[in-house]
Amino acid sequence: MSNRKSKNNNLIHAECLLQVQRTLRERFCHQSPHGNLFGIQVQYKHLIELLKRTAIYGESNSVLIIGPRGSGKTLLINHALKELMEIEVSENVLQVHLNGLLQINDKIALKEITRQLNLENVVGDKVFGSFAENLSFLLDALRKGDRISSCPVIFVLDEFDLFVHHKNQTLLYNLFDISQSAQTPVAVIGLTCRLDILELLEKRVKSRFSHRQIHLMNSFGFPQYIKIFKEQLSLPAEFPDKLFAEKWNENVQRLSEDRSVQEVLQKQFNVSKNLRSLHMLLMLALHRITASHPFMTSADLMEANQLCSMDSKANIVHGLSVLEICLIIAMKHLNDIYEEEPFNFQMVYNEFQKFVQRKAHSVYNFEKPVVMKAFEHLQQLELIKPMERTSVNSQREYQLMKLLLDNTQIMNALQKYPNCPTDVRQWATSSLSWL
Amino acid sequence: MTPYSTRQKTRQIYSWVGRPLLDRQLHYQTYKEISMKTRSCPTEIRIQVGQFVLIEGDDDEKPYVAKLIELFEDDSKLHFKKRARVQWFVRFSEVPLSKQHLLGRKPHKQEIFWYDYPACNNNISAETIIGPVEIVALAADEMFPVDLKHEKTLFVKLSWNEKNFKPLSLELLAELKKLQRVNSICQKPLEAKTMTQESPSLTTAEHVVKRIESSHSSSKSRQTPTHPVTPNARKRLELNDCPRTPNTRISQQTSCVALGSPGRTKRKAVFLESTSPYKKSQLDGVKASSPVLKVPGKTGEVPYFCAEDDKKSSSECQMTLRTRVPTLKIMETEESSLSPVRRNKRSSVVPSVILKPGKIEKREAKEPEAGSEATITSHRIHRKSALLTLSRIRQHLWLLEDKKGDQEEEEFMPKAEVSDLSSEEEDTSTPSLPRRNPQRQSRILQPSLSPSMQTPSKTPKKPVKPRTPRHATPQIRSRNLAAQEPASVLEEARLRLHVSAVPESLPCREQEFQDIYNFVESKLLDRTGGCMYISGVPGTGKTATVHEVIRCLKQAAQTDDVPSFQYVEVNGMKLTEPHQVYVQILQKLTGQKVTANHAAELLAKRFCTRGSSRETTVLLVDELDLLWTHKQDVLYNLFDWPTHKEARLVVLTIANTMDLPERILMNRVSSRLGLTRMSFQPYTHNQLKQILVSRLKHIKAFEDDAMQLVARKVAALSGDARRCLDICRRATEICELDHQKNDSPGLVTVAHLMKAVDEMFSSSFITAIKNASVLEQGFLRAILAEFRQSGLEEATFQQIYTQHVALCRMEGLPYPTMSETMAVCSRLGSCRLLLVESSRNDLLLRVRLNVSQDDVLYALKEE
């Protein structure tokens with residue numbers, strides 16, 4: 001009966017669901033600074049105070065935000081900048097955003113800084129001079145200012161660790177030097193995931209860096225993780241269809257108390273604490289929401305979790321032909337016999353021949369070129385890897401290879417392999433079974 | 001921007017006027033008057049001895065001011081033979097900053113001071129004179145005039161003798177006032193003729209400067225017809241005015257269209273005028289009034305006229321001037337090469353010729369004989385067919401008058417100078433004339449004539465570029481909201497603790513300061529050069545000490561305790577490439593911007609050749625090690641220059657390592673560096689504490705123990721003063737945060753400092769491991785187990801994975817898949833908890849720990 005009811009509501013649901021999926025996907029995929037911060041309030045306070053002091057008092061600062069990937073570094077800085085812009089100082093700060101992946105050397109970085117500071121019109125008739133000119137130009141520009149009168153500049157260096165590899169660390173030296181001298185007030189904020197970043201700084205650069213570090217370590221426990229899960233999945237109050245939103249949120253609440261859901265979450269939490277993996281899980285679960293299935297269930301989450309934790313190589317093995325499986329089993333035996341020594345095609349072929357001649361009933365004795373082809377296919381799939389680089393004149397049959405599959409992986413894959421011949425399976429379990 | 005044209009921008013030609021007077025004692029020729037003209041705009045300015053002049057200086061906006069005492073030719077000099085002796089005036093901005101307060105009041109904007117300092121060099125090149133200026137001497141009790149007629153007028157009230165300001169002595173005042181009168185009188189003959197609308201006291205230079213305004217004002221006044229004059233002039237007026245009045249404009253334009261383009265005639269008129277030098281026009285003007293002019297055929301015998309004629313002529317000029325309003329208006333837009341003076345003269349000439357059109361042909365026929373005008377003539381003949389309209393004829397006649405002026409002028413010249421001047425004339429005018437022709441023809445259809453095209457011929461090679469600010473001073477825009485001042489004690493403390501805050505003194509570096517000071521001072525006093533190498537770990541005050549030394553020496557130089565010197569600072573880290581150091585040094589020394597190679601040559605020339613007596617240069621090279629190149633040529637040069645006798649270069653070099661010269665420098669480089677070395681030891685805890693105390697003087701923000709603690713901590717770590725200050729700054733923040741809750745004024749305690757130190761120096765690895773997920777921790781355990789098992793510090797991923805699976809089985813946990821484990825491994829690798837190979841190797845990638853095993857064990861055990 002409930003089924004029929006929901007069918008009646010299908011039309012409304014379809015629209016609502018579209019909306020739900022849009023809002024939630026936006027939340028999962030974009031790092032919007034509107035969301036809440038989880039467990040990083042202390043760090044946030046530190047950063048915002050620092051930025052405010054730069055903006056209001058004109059105090060120069062430098063700080064590094066360090067944390068593993070997905071720990072919310074960008075979220076933190078975006079949040080802080082947004083708040084800074086909301087309070088009255090918005091007119092009072094200039095922002096420069098650099099990314100180590102884009103500004104791969106100081107020359108490009110300087111141009112970008114000049115551009116973002118809108119200084120290029122001052123350069124005169126030619127927009128950008130040589131690297132040296134640009135550097136002295138920019139340094140002049142920054143040197144001109146002082147604490148009281150100049151507009152503070154906030155430099156945000158994403159992927160800070162990549163700037164460290166620039167020649168002589170010129171950019172970093174100069175930025176930190178400005179932050180430590182009475183010039184234009186600057187706040188240099190570096191974002192990096194490398195914990196050993198300070199050791200990468202050259203000693204003079206390091207001395208000029210203030211050694212302020214804000215660590216983001218995902219230092220929350222499981223109860224909080226569930227809370228985050230709930231918050232991430234709940235619909236906001238401004239959702240148009242209030243009734244549906246209420247129902248949805250109720251469902252989310254129920255889910256968070258569900259035993260199996262908690263189990264899934266615990267599993268996910270054990271693997272990785274970062275929120276991106278949670279978003280991934282929720283995203284996969286969200287895909288299963290349809291008009292006929294409007295609310296998320298624990299089954300959805302379990303399925304999503306399974307997808308997340310799938311072994312990609314086992315999946316590849318599922319798609320192999322029987323011949324290729326046989327070759328992999330032969331390699332596994334060789335590994336067992338020779339203790340991880342590399343093998344070549346001839347050895348594998350011999351092993352395969354032995355199996356086919358003595359034991360096999362279902363496997364056809366393929367010719368050598370055919371086996372070779374299968375072997376090469378495995379190499380293309382990177383299930384086996386040559387020890388040395390392939391040269392033109394080396395004989396392919398004798399090139400040394402290594403298997404990139406673990407025994408457990410092979411056994412698991414075989415178990416799930418559809419229509420696997422029994423004799424092959426037997427051969428796999430015991431290398432001596434042909435005797 | 002600058003209203004004064006200086007030599008750099010427009011080349012000016014200087015020539016003597018009048019016969020030389022031989023000075024018996026000094027054996028050189030003195031002159032009474034000098035004339036200068038710019039090539040781009042052929043106005044001429046004459047300056048007499050006794051006049052006040054502007055002298056080219058460093059600042060284009062504010063040239064030096066002086067009184068011309070003597071003009072003479074000095075043959076002993078290779079260049080700039082034309083010399084002048086002057087009595088200087090100083091502007092308030094030229095008074096040393098430290099002495100400015102002695103004035104005791106705000107200086108008037110246009111105030112200058114009599115420079116009563118005999119030691120000052122007063123022999124200058126006459127070619128640095130920019131132009132005359134008006135100076136009004138005021139007695140000590142006189143007030144500055146409030147309504148300034150000309151903002152260029154300068155006032156002198158006091159004298160300055162490098163020690164104090166004194167009122168002008170009575171004799172001096174009287175002399176100056178007299179001079180002032182003489183100045184204005186001697187200019188009157190010119191002024192009366194030329195600038196009837198302007199006040200007579202205006203000098204010619206001002207005149208040139210203000211020609212835009214004056215042309216405005218004159219054109220305005222011209223539009224209002226005044227009382228009638230002599231019938232002759234009246235008639236001219238009508239004749240001349242007729243085709244140009246608005247009513248008849250259409251007819252005029254149609255005639256122009258027939259010839260080519262509208263407005264062309266006007267342009268041509270402007271063009272012709274602009275090419276004629278000032279001096280000639282003056283003569284023309286005179287001629288216009290003289291009876292001879294009415295018989296243009298006899299121009300050759302224009303007699304020397306006396307001053308009485310001037311008044312008559314000027315009134316005539318004035319009248320005729322009014323007739324030419326439309327033309328003048330156009331000229332206003334092209335004021336760069338025009339002056340009202342010329343216009344007046346010119347206009348008086350034109351109508352007189354028009355009155356006798358019959359004679360023109362005759363003159364033309366005569367003129368080809370004049371050698372210097374051959375080029376014009378061809379053009380003239382060529383264009384004869386076009387001589388159809390009145391306007392055309394008129395222009396043509398102006399041209400003729402021009403020529404005539406040239407001739408006459410040469411005849412006017414005193415014999416002694418004819419050769420000299422005429423050669424210059426040829427320089428300026430002759431080449432310009434042939435050019436005029438093609439220019440005019442080619443440009444006829446262009447609607448507007450750019451100023452650069454009008455300036456004839458002298459600078460044709462370099463097209464006049466739109467002037468871009470060459471030394472644009474880039475700047476971050478200023479803030480909209482005022483920066484707040486610190487409100488609380490802690491904020492104040494934080495401000496003072498910032499590394500950028502400049503302390504009044506540098507405690508604990510007295511010895512080093514004294515050594516460097518003595519070194520540089522002795523070199524300055526001896527007028528020799530030398531090198532010094534300063535080393536020390538970062539944050540030990542090397543650069544700060546040197547800056548302090550330079551600051552003190554500059555002060556000493558101002559009080560004349562040491563000779564003045566030039567200070568240049570370069571930083572190896574602020575260069576993109578070692579050779580750029582030359583560019584930077586040269587730019588800071590001379591303002592030139594050249595390429596690295598050229599700069600190296602120029603610098604070598606400057607330092608290695610026997611130059612004139614110039615002041616010592618002190619060069620600070622920070623981060624010396626970055627100037628290392630494979631050939632070490634940069635370092636070699638830097639250390640080689642001071643060894644030259646004439647270089648007078650003191651090089652202070654700073655780097656971190658004590659043995660840098662021995663380690664990376666070639667023998668010939670380190671030998672030149674010499675043995676003057678100094679090393680800055682890291683600060684001891686006592687010194688660090690002293691630094692903190694001196695910075696926090698009068699502020700009670702820190703507990704005594706707390707300061708002691710931080711000083712000891714930092715001294716044990718690195719002895720870096722920057723660290724020490726940063727820690728304290730962070731501690732004040734923590735303290736502030738703590739005390740926000742209970743609103744009590746905070747005092748930074750040991751606890752706060754400990755927290756700050758922990759934040760900055762505790763290894764983040766342990767917290768990272770503690771906060772890692774279960775799987776990550778399991779993986780680390782597996783690594784430890786594998787290492788223990790194999791006895792190696794490295795393992796492949798596969799080995800660790802098997803180990804991991806085994807561990808999970810033991811603990812009864814579900815074991816992770818390969819992909820998950822791989823993700824964990826790369827995650828730990830990206831944080832650099834592990835050192836891993838690239839993930840292409842997959843199972844075979846080798847893994848190492850980036851932390852010590854004990855740390856991992858400790859972190860894992862903790863929970």
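This is a short tour of a predicted model, with stops to select in your viewer one after another.

**Stop 1: chain B as a whole**

Start by showing chain B on its own. You're looking at 33 helices and 22 strands. Of the 863 residues in chain B, 53% are buried. Contacts that link distant parts of the sequence are easy to find here: among contacts in chain B with a separation of 6 or more, 69% are between residues 24 or more positions apart.

**Stop 2: strand β6 and its two neighbours**

Select residues 52-55 of chain B, which make up strand β6. Show the side chains and see which way they go. B:F52 and B:L54 point one way, B:V53 and B:I55 point the other way, and all are buried.

Now add residues 64-73 of chain B, strand β7, which pairs with β6(B) in the antiparallel sense over four bridges. To line the two up, find B:F52 and look for B:K67 opposite it in β7(B). Then add strand β11, residues 129-132 of chain B; three bridges join this strand to β6(B), and the two run antiparallel. Here the pair to pick out is B:L54 with its bridge partner B:G131 in β11(B).

If you switch on hydrogen bonds, go for the backbone ones, because that is how strands of a sheet pair, whether parallel or antiparallel.

**Stop 3: strand β9, paired both ways**

Move on to residues 111-115 of chain B, strand β9. How many of its residues are buried? Five of five, so to speak: the strand is mostly covered.

Bring in strand β8, residues 82-91 of chain B, which pairs with β9(B) in the antiparallel sense over three bridges. Strand β13, residues 154-160 of chain B, pairs with β9(B) in the parallel sense over five bridges. A handy residue to label is B:I112 in β9(B): B:I112 is the bridge partner of B:R91, and the bridge partner of B:I112 in β13(B) is B:V156.

**Stop 4: B:A556 in helix α19**

Jump to helix α19, residues 542-558 of chain B, and click on B:A556. Is B:A556 buried or exposed? At 9% relative accessibility, B:A556 counts as buried. Leaving out residues up to four places away in sequence, B:A556 touches B:Y517, B:D561 and B:V562. If you like checking distances, try B:A556 to B:E521: they are 35 residues apart in sequence and 9.7 Å apart in space, C-alpha to C-alpha.

**Stop 5: B:D726, with chain A back on**

Turn chain A on again and select B:D726, in helix α27 (residues 721-742) of chain B. This aspartate counts as buried because its relative accessibility is 1%. What does B:D726 touch, not counting residues up to four places away in sequence? The list takes in both chains: A:Q180, A:F209 and A:S210, along with B:V499 and B:M760.

**Stop 6: a three-stranded sheet and helix α32**

Head for the open sheet of three strands in chain B, ordered β20-β22-β21 with antiparallel pairing. The edge strands, β20 (795-796) and β21 (834-836), each pair on one side only. Strand β22, residues 846-849, is joined to β21(B) by three bridges. Pick B:L835 and you'll find its bridge partner, B:R848, in β22(B). Next select helix α32, residues 818-831 of chain B: this helix packs on the sheet and touches β21 and β22, its direction making about 110° with that of β21(B).

**Stop 7: the second largest pocket**

Keep α32(B) displayed and turn on a surface. The second largest pocket has a volume of about 1,200 Å³. To centre on this pocket, select A:V271, A:S309, B:P816, B:T817 and B:E820, the closest to its centre of the 42 lining residues. Elements giving two or more residues to the lining include α13, α14 and α15 of chain A, plus α30, α31 and α32 of chain B. Colour by class and you'll get 18 nonpolar, 17 polar and seven charged residues.

**Stop 8: the largest cavity**

Finish with the enclosed spaces. The whole structure has twelve cavities of 30 Å³ or more, and the largest cavity holds about 170 Å³ of space. Which residues are closest to its centre? Of the 16 that line this cavity, they are A:P68, A:N218, B:N771, B:A772 and B:E776. Helix α32(B) turns up again, giving three residues, the largest share of the lining. By class, the lining has seven nonpolar, five polar and four charged residues.

Notes:
Residues numbered from 1 in each chain as written. Chains lettered and ligands numbered in written order. Predicted model: local features only at pLDDT ≥ 70, side-chain atom pairs only at ≥ 80, totals over all residues. Heavy atoms only, no water. Pairing = 2+ DSSP bridges. Contact = heavy atoms within 4.5 Å. Axes fitted to C-alpha atoms, helices over the stretch in contact; angles between N-to-C directions. 1 Å grid on protein atoms, 1.4 Å probe; cavity = no way out; pocket = protein on both sides within 12 Å on 5 of 7 lines; lining within 4 Å. Points joined across faces, edges and corners; volume = space filled by probe spheres on them. Nonpolar A, V, L, I, M, F, W, Y, C, P; charged D, E, K, R; others polar. Buried < 20%, exposed > 50% of the residue type's maximum accessible area, 1.4 Å probe, protein only.
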